[in-house]
Amino acid sequence: MSKLKIAELFYSIQGEGRYMGVPSVFLRTFGCNFKCAGFGMPKGELSTEANLVDPSKYSKYEELPLVSTGCDSYASWDPRFKDLSPMLTTDAIAERIMEIIPFNEWRDEHLVITGGEPLLGWQRAYPDLLRHPKMRGLKEITFETNGTQEISKDFGDFLIEWQMPQVDYVPEITFSVSAKLSCSGEERHEAIRPDIVCSYEEYGYTYLKFVVATEEDAEEAIETADIYRAEGFTGPIYLMPVGGVESVYALNNRRVAELAMKNGLRYSDRLQVPLFKNEWGT
Ligand code: SF4
């Protein structure tokens, strides 16, 4: 039986992208290939806010402080917080999911596999989890990824098999790709991988989501979108306001919506911020 290191497993409303508003189980795996310390910082500067959080003071994710700069899910990849993330068997994960969804069986709930970066080595464990008897009836899965990890041949074959039409529904995989612009602080040649994102379209419905704060970010998003299009990317493109905390989000959301309209792109909200203050476990 496979195991996954799980940062969080909770039931909430999807706040972003295609499934905004849909009741969803969030499975947050541990580990990421990025740090995204540039979010919310002046150009060229990196946040040290999460470095000031002392891991020894916390025993649960729900108790961790929120940050207004850098990655808002820092504890899901920062090794200093690894002890908060247990290694669970796929059996234990499936059991736990049944406990947290309202009718103890899959109905209209959607599964979000997020991170960290969920397409790192964990690709090897997902088939075991998704073939588990308790996962029968699950119709829709989204992988929330930064779009830099290739899908392995075995996992790709599994994704196609999982989407075979059933008697009364057609299962569907979505890749929600949050490609990182320069405001993330990550190196562009590592963050912008249109070859990899185009390959996701072979395995599921794929869209791009750019987190932006300023007109300059929006311009970069549009130029970057053109690079993905030139490589053959066909899916929709969203702009989403920066802001893991409400004060930052509220400064940005309307302006980003206007930038999306002006450029003929989709707008994605971050409903988890006004609804739940983006607390851990929401
Ligand atoms: S890719 Fe996502 S999880 Fe990883 S550091 Fe960036 S924002 Fe955080």
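# A guided tour of the strands, the core and the ligand shell

Select β2 and β4 to begin: the two strands run parallel and are joined by 5 bridges. The model on display is predicted. Within this pairing, pick Leu27, which stands opposite Ile113 in β4.

**Strand β4.** Keep residues 110–114 selected; these form β4, and 5 of its 5 residues are buried. Colour the side chains by direction. His110, Val112 and Thr114 point one way, Leu111 and Ile113 point the other way, and all are buried. In a regular strand, side chains alternate between the two faces of the sheet.

**From β4 to β5 and β6.** Next, add residues 140–145, which are strand β5. β4 and β5 run parallel and are joined by 3 bridges; Val112 stands opposite Thr142 in β5. Extend the selection to residues 172–177, strand β6, where 5 of the 6 residues are buried. β5 and β6 pair in the parallel sense over 6 bridges, and the bridge partner of Ile141 in β6 is Ile173.

**The other pairings of β2.** Return to β2 (23–29) and display β1 (3–13) with it. Here the sense is antiparallel, with 7 bridges between β1 and β2. Phe10 stands opposite Phe26 in β2. β1 also pairs with β3 in the antiparallel sense, over 3 bridges, and Leu4 has Leu88 of β3 as its bridge partner. Of the 11 residues in β1, 8 are buried, so that the strand is mostly covered.

**Pro86.** Move to the loop between β2 and β3, where Pro86 is placed. Is Pro86 buried or exposed? Pro86 counts as partly exposed because its relative accessibility is 38%, between the limits of 20% and 50%. Beyond four places away in sequence, Pro86 touches Leu4, Lys5 and Ile6. A distance label between the C-alpha atoms of Pro86 and Thr29 should read 10.0 Å, although the two residues are 57 residues apart along the chain.

**Helix α1.** Select residues 90–100, helix α1, in which Thr90, Ile93, Ala94, Ile97, Met98 and Ile100 are buried. An α-helix has 3.6 residues a turn, so residues three or four places apart point the same way. The elements covering the buried residues of α1 include β1, β2, β3 and α2 (126–130).

**The nonpolar core.** The largest nonpolar core has 75 residues, and Leu111, Phe143, Phe175 and Phe210 have the most contacts inside it. The largest share of this core, 5 residues, comes from α1. In soluble globular proteins, nonpolar side chains tend to be buried together. Centre the view on Leu111. Beyond four places away in sequence, its contacts are Val25, Leu27, Trp106, Leu130, Met135, Leu138, Glu140, Ile141 and Thr142.

**The ligand.** Finally, select the ligand and the residues surrounding it: Cys32, Phe34, Lys35, Cys36, Cys71, Ser73, Trp77, Gly116, Asn146 and Lys180. By class, this shell has 5 nonpolar, 3 polar and 2 charged residues. Which cysteines of the shell can be described by their accessibility? Cys36 is buried, with a relative accessible area of 7%, and Cys71 counts as buried at 16%. Both cysteines count as buried because their values fall under the 20% limit. How many disulfides are there? With a cut-off of 2.5 Å between cysteine sulfur atoms, the count comes to 0.

Note on methods: Residues numbered from 1 in each chain as written. Predicted model: local features only at pLDDT ≥ 70, side-chain atom pairs only at ≥ 80, totals over all residues. Heavy atoms only, no water. Near = heavy atom within 4 Å. Nonpolar A, V, L, I, M, F, W, Y, C, P; charged D, E, K, R; others polar. Buried < 20%, exposed > 50% of the residue type's maximum accessible area, 1.4 Å probe, protein only. Helix = DSSP H or I, 4+ residues; strand = E, 2+ residues; numbered from the N terminus. Contact = heavy atoms within 4.5 Å. Pairing = 2+ DSSP bridges. Core = buried A, V, L, I, M, F, W, Y, C linked by side-chain atoms within 4.5 Å.
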